[in-house]
Amino acid sequence: MIFIFPGEVRLKNNRLLVLLVFVLLAVFCAAIFIGRYPKPYWMPLNLLLHESLAQKLVFSLRIPRLLMAMLLGMSLAACGQVLQMLFRNPIVEPGFLGVSQGAAFGASFAILFLGASLLHVEIFAALFALLGLALSFAIARLVKFGGWILRLVLSGIVVSAIMSSGLGILKYLADPLTQLQEITFWLLGGLWSATWTDVLFILPVVALCLTAVFLMRWRLNVLSLSDATAFSLGTAANRERVFLLVCAVIAVAAVTSVSGIVNWVGLIVPHVSRRIFGSNAQFSLPGAMLIGAIFSILCDVIARTLLAGEIPLGIITSFLGALIFIILMSRQNLKAASHD
Amino acid sequence: MIDAPKLTLSNVEFCYAQGAAVLNSLSLDIVPASITAVLGPNGAGKTTLLNTVLGFLKPQSGAVLLDGVNISQYSRSQLSRLIGLVPQAEHIPFNFTVLEYILLGRTPYMGIFSMPQEKDHQAAESMLDLLHIAHIKQRPITELSGGEQQLVLLARALAQQPKILLLDEPTTHLDLGNTVVILNALKDLARRNVTVIFTTHDPQVAIYCADQVVLMKQGHVLSAGRLQEILTSAQLSRLYGVQISVQQVAGRPVVLLPR
């Protein structure tokens, strides 16, 4: 085992983060040229420089969609990491606390009763996602036993169950030839509807929430300790935890309103990041945000490029996420090996 | 060097929601820069006492005073620079390295948005040296032995530079060698002007290092005072409800269980 000085660890992690920023930029720029116009897989630079249709396609469709994918991945990964650390449970994901099921119910409600205009779907998804969060907190306060975390987990499960039974009713009522298809497609997740308007609406919300989480990432470490220890280190543990949770979940509610349900990113990316950077959120949180953005962009590129028709994004992220999870689980001592 | 503040508990009453009183008009004076062992049967309220001194649990009546000032008057960050806690068997679900974990002890000296700076790293490193665990600083904490883990918990609390250190059964799961290492570290702390209060089930541990002993039963203090005066056959028998004999061997008390 090589003796590593702590300064070198910090330096190594900082270099890795800078490297990931460049990878993200490279992936983003490459993805601009990948698509099915003019023919599958690659748009020559020349075409982009000279053809107005190509320019229009890139600037009004691909770039906002790429930005959306980036925000989506960052939010899901950051929220996943925040929830995993605050709940002291590495298999929690952002849909916890009723947010995903709430968004699904809200979107389906809009599809069924408000004529499925995109704007309505997005607004209702966001509203019900936040409602799910609020309900989870409200019910957690009613629970008469257990610590704060257990109560929140329980009420999150309850709210998710209520929302998904409501969703079941809506699906049952939906016209199977039109509305049910739309609901199903929304539940599988996708960014085909992302526009500049979406990006401009969501960017400030996500930026604000993620900045707060990012700045408090050392605090996140402390808040993952037991209540008494976190208290002894001078934190207002419950207040700070609620603040971080609300920030993280609002970011996810915002992106989910556009993307629909995208699973596995929030679960798997924090794990990958901890494997690379260690558990310290000082490095693993920004790492997770960058990896999440890269992963989402790559998955979305596959989703819109692989076949002539769009593949729902959630299918790709679930499939690749599950594959990565298998690899991670079967290579338990990846981290230990890197120290030898 | 700032003196350790004088810690006083005055008529402290505490009960959990809907429960019977866990601390029952408990009054106590702790000599600054000394070691106090809290002994008592299971459920006597020892951990509750530590959490109340910490300020984590708020007494329903009575007060915990530092130099005569109620700890509820102190801000969180002031308090966290004065009082440190080594909980019993802290479960840490994430694989921090030893150094990262000890750095968490620097949080009271950092702003809510700050990261540890060079001086925090230096403080953490010096705690590693103090407890002779510098060689494990890059090891993940979940892979440590019980003795190493206890030393790391202690180092994290010491990085806080507390004037009062609370430890909940610091030696319970340790072998004799590691027990002595931890207790010697506590003695060293008292010499450095830190007030140490710990709970234990083992009177022999108290005898090894404590200046004062507090005997607790059913939420109140049965007796408290200098070790030699308190750890007697009569007192311990009364405390635990079994016949316990305290003998003097080589000028030190030795606790014998009934046979």
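Ile250(A) sits in helix 11, residues 237-259 of chain A. Keep in mind that this is a predicted model. Let's work through three short exercises.

**Exercise 1.** Work out whether Ile250(A) is buried or exposed.

*Solution.* Start with the count: Ile250(A) has 21 C-beta neighbours inside 10 Å. Next, bring in the cut-off: a residue is buried if 20 or more other C-beta atoms lie within 10 Å of its own. So Ile250(A) counts as buried.

Now look at who is around. Skipping the neighbours within four places in sequence, Ile250(A) is in contact with Leu130(A), Val205(A) and Cys209(A). For a different pair, try Ala110(A): Ile250(A) and Ala110(A) are 140 residues apart in sequence, and their C-alpha atoms are 20 Å apart in space.

**Exercise 2.** Find where Ser25(B) lies, and say what its phi angle is like.

*Solution.* First, the place: Ser25(B) belongs to strand 2 of chain B, which covers residues 21-30. Second, the backbone: its phi is positive, about 30 degrees, even though Ser25(B) is not a glycine. Third, the surroundings: Ser25(B) has 14 C-beta neighbours inside 10 Å, so it counts as partly exposed.

**Exercise 3.** Do the same for Gln161(B): where does it lie, and what is its phi?

*Solution.* Begin with the place: Gln161(B) is in the chain B loop that links helix 5 (146-159) to strand 7 (164-168). Then the backbone: Gln161(B) isn't a glycine, yet it has a positive phi of about 50 degrees. Finally, the count: 17 other C-beta atoms lie within 10 Å, so Gln161(B) is partly exposed.

Conventions:
Residues are numbered from 1 along each chain as its sequence is written. Chains are lettered from A and ligands numbered from 1 in the order in which they are written. This is a predicted model: local features need pLDDT of at least 70, side-chain atom pairs count only at pLDDT 80 or more; totals for chains, interfaces and linings use all residues. Helices (H or I, at least four residues) and strands (E, at least two) are DSSP runs, numbered from the N terminus. A residue is buried if 20 or more other C-beta atoms lie within 10 Å of its own, exposed if 12 or fewer, and partly exposed in between; C-beta atoms are placed from the backbone. Two residues are in contact if their C-beta atoms, placed from the backbone, lie within 7 Å.
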